[in-house]
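Reader: I'm new to this one. Can you walk me through it?
Author: Sure. Here it is.

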Amino acid sequence: MKKLELGNILIHDVQFSNEGSKVENGVLYVNKEEICKIALEDENIASCEVFLARPGESVRITPVKDVIEPRVKVEGKGGIFPGWIAKVDTVGEGRTHVLKGAAVVTTGKIVGFQEGIIDMSGPGADYTPFSKTYNVVVKMEPVEGLKQHEHEYALRIAGFKIACFLGELGRNVTPDEVKTYEFDNIVESAAKYPNLPRVAYVQMLQSQGLLHDTYVYGVDAKKTLTTIITPTEVMDGAIVSGNCVSSCDKNPTYVHMNNPVVTDLFEQHGKTLNFVGMIITNENVYLADKERSSNWSAKLAKYLGCDGVIISQEGFGNPDTDLIMNTKKIEAEGIKTVIITDEYAGRDGKSQSLADADPSADAVVTGGNANQVIVLPPMETVYGHLEFVDTIAGGSANNIDAHGNITVEIQAITGATNETGFNYLSAR
Amino acid sequence: MSKIRVVQYINQFFAQIGGEEKADIPAELREGPVGPGLALNQAWGDEAEVVATIICGDSYFNENLEKAQAEVLEMVKSQNPDMFIAGPAFNAGRYGVACGTIAKAVQDNLNIPVLTGMYEENPGADMFKKDVYIVATKNSAAGMRDAIKKMAPLALKLARHEAIGASCEEGYMPNGVRVNLFEKERGSARAVKMLIAKLNGKPFTTEFPMPTFDRVAPNPAVKDMAHATVALCTSGGIVPLGNPDHIESSSASHYGEYDITGVMDLDAAHWATAHGGYDPVYANEDADRVLPVDILREMEKEGRIGKLHNKFYTTVGNGTAVASSKAFAAEYAQKLKADGVDCVIMTST
């Protein structure tokens, strides 16, 4: 049996400090110089600034590169973000401390045309889960001439390093609550819960390439075969985001670490179902890859003896075909599916929502219509670069009026229609 | 603020005139509420009122459709209302069809917001739920209270031209227009619940019913291309310069049929695209890039195909409904068949 304890240190404020960064009485104190020093270790990063954004403040963060939760491994093998920050030891056992309520948000001129918005108050705040976290905003600019993919890499790694630095501050803090996740091997769980339906989680990882990428233990997901991972591994950062596009339905690293399908299946494990494992598969653009990966999803679901699976998608359009292939092939094995997706039904909601469909996909949870238009009123403070909001996905030319109101589709808002079911938005 | 003026349409039964034996009574206009209108007025209080009720027999309406519709429209118009309500019709089939028909007619002709209500299996529901807001009611008049509870607030919102929420929030039947809402539970929790229901054979409701995609199995390959008549068709909008048939640049309402007898090459002086969904520069420079007449002529000369059909069919795929596309092709496929065409090359953009 595998066991991971998550010790949550509940953070209810974030403050700057001229002394060393620390966690004290639920407050995260951040020393700017310490953060910047970490960022500037990379010769590709030319400048770094640190800001704090709290729920309810008149603050807009854009363009958002990634959102990361500070965690630290205090017991057990390996460390957070294996393959990036820690070595590649298998993680997911022992004890991990979490600065619950805090997040690192990376921003900068990151491939400017492709990033998301987080509003800490106002109507936009309702649509992003990260208006509720105490955010350490790290704005980093690259050295001149850096290629986009190198720029993405530099910011991604800097974000992980900073999150790990902050997570480390919680190593010796007594957590406010400890959640225990126990995971049996398939023989043990079959013996323990002979009468419960066997359920797996099939997570589709964005891997279309060209800044639509996800990494597993440091490996680019588009170069992987569909495989099995234990659900506690993701809690230690085994899967991370390398995405830069349409932020409404791409998973920031924070979502991978807090994958809600994993937690909600654990919640039911041993009660209404037997959570037997997690299958990760990719969303490559070539037909042979799509066929192979979905064949393997179905094969592994059958191999685990599943009665049912939940399939979550990441992205839209091209991956709709992967979603439908996975669903059709898994249903064809006699395994019941529920899928989580989102919709692009047009601004008027009247167009076809998905690029592919099949009658076997008869149980769908939707994260909502990403084309819905929203007007975001001006914020007192903008961290990042507002000049990109007309060119990010979901924006359009001249979408800021004389009063500073921004008209965008909600696809521009980080996490708005998240397809792991991390958010509350839906559509009918 | 003055009260919202509502006109309501009901049948002979709900006006307490009689049942089937009175179903042939013609349309009549009465002042004030009758039957269900009393309950609506009560629900609305000071905000709205049924100022007039139109009563019409179900047989009369359905058997004299055009005449009855015109009469009812005239009556509605005479009251100059802010809102029109038909029914609720519950599971009464002809009443439901009448409610849907007249509600749509009022909406389309008088430009007044409308609302009706009926049971989901009422034939009027499938016929009209995409055209007008229909509140889902129980299957008999015993569900009147429940129906009024849903219809009264929705009618106010419609009359005030307020934003209408998702079908599950407002109580109307899903009408194909996707509307966002915030759920009480996050998506993953809803997915787990749905899976448990599905595994246990319990009922569950998908949040997105899959559309039926029409998949066409390809015909067997043409064995003898050297003697085949090949036609070119396109949704890329290639038309004679000037677009003589005015095919729309988006959401096309028709297709064009053009003669290419003796045309060896679609040059810029005579051909262009009508399509509004892509950069037209390269298609206008050389329309063969979308409709490859030049290459087909070469193949014809080389004997690789029998001949190129002397007509091509064209429309604009941009924003054009699947239903329209299907209707166009069903029509010109018959023409192609009649002309002895063996195969078609269909090009997109």
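Author: First, a definition. The radius of gyration is taken over C-alpha atoms, and the globule rule is 2.2 Å times the number of residues to the power 0.38. Also, this is a predicted model.

Reader: What radius of gyration does chain A have, and what would a compact globule have?
Author: Chain A has 21 Å. A compact globule with 428 residues would be near 22 Å, so the two agree.

Reader: What does the C-alpha trace of chain A span along its principal axes?
Author: About 55 × 55 × 35 Å.

Reader: How many helices and strands in chain A?
Author: Seven helices and 25 strands.

Reader: And how much of chain A counts as buried?
Author: 58% of its 428 residues.

Reader: What about contacts in chain A between residues 24 or more positions apart?
Author: They make up 79% of the contacts with a separation of 6 or more.

Reader: New topic. How many residues does each chain bring to the contact?
Author: Chain A brings 43 residues and chain B brings 31 residues.

Reader: Which elements of chain B supply at least two residues each?
Author: Helix 7 (167-170), strand 7 (180-182) and helix 8 (187-199). Helix 8 of chain B gives the largest share of that side, 11 residues.

Reader: What classes are on the side of chain B that touches chain A?
Author: 19 nonpolar, six polar and six charged residues.

Reader: Which strand of chain A is joined to strand 7 of chain B?
Author: Strand 25 (residues 425-427), by three bridges. The two strands run antiparallel.

Reader: Which residue is the bridge partner of Ser426(A)?
Author: Leu181(B), in strand 7 of chain B.

Terms used. Residues are numbered from 1 along each chain as its sequence is written. Chains are lettered from A and ligands numbered from 1 in the order in which they are written. This is a predicted model: local features need pLDDT of at least 70, side-chain atom pairs count only at pLDDT 80 or more; totals for chains, interfaces and linings use all residues. Two residues are in contact if their C-beta atoms, placed from the backbone, lie within 7 Å. Helices (H or I, at least four residues) and strands (E, at least two) are DSSP runs, numbered from the N terminus. Ala, Val, Leu, Ile, Met, Phe, Trp, Tyr, Cys and Pro count as nonpolar, Asp, Glu, Lys and Arg as charged, and the others, Gly among them, as polar. Two strands pair if DSSP finds at least two bridges between them. A residue is buried if 20 or more other C-beta atoms lie within 10 Å of its own, exposed if 12 or fewer, and partly exposed in between; C-beta atoms are placed from the backbone.
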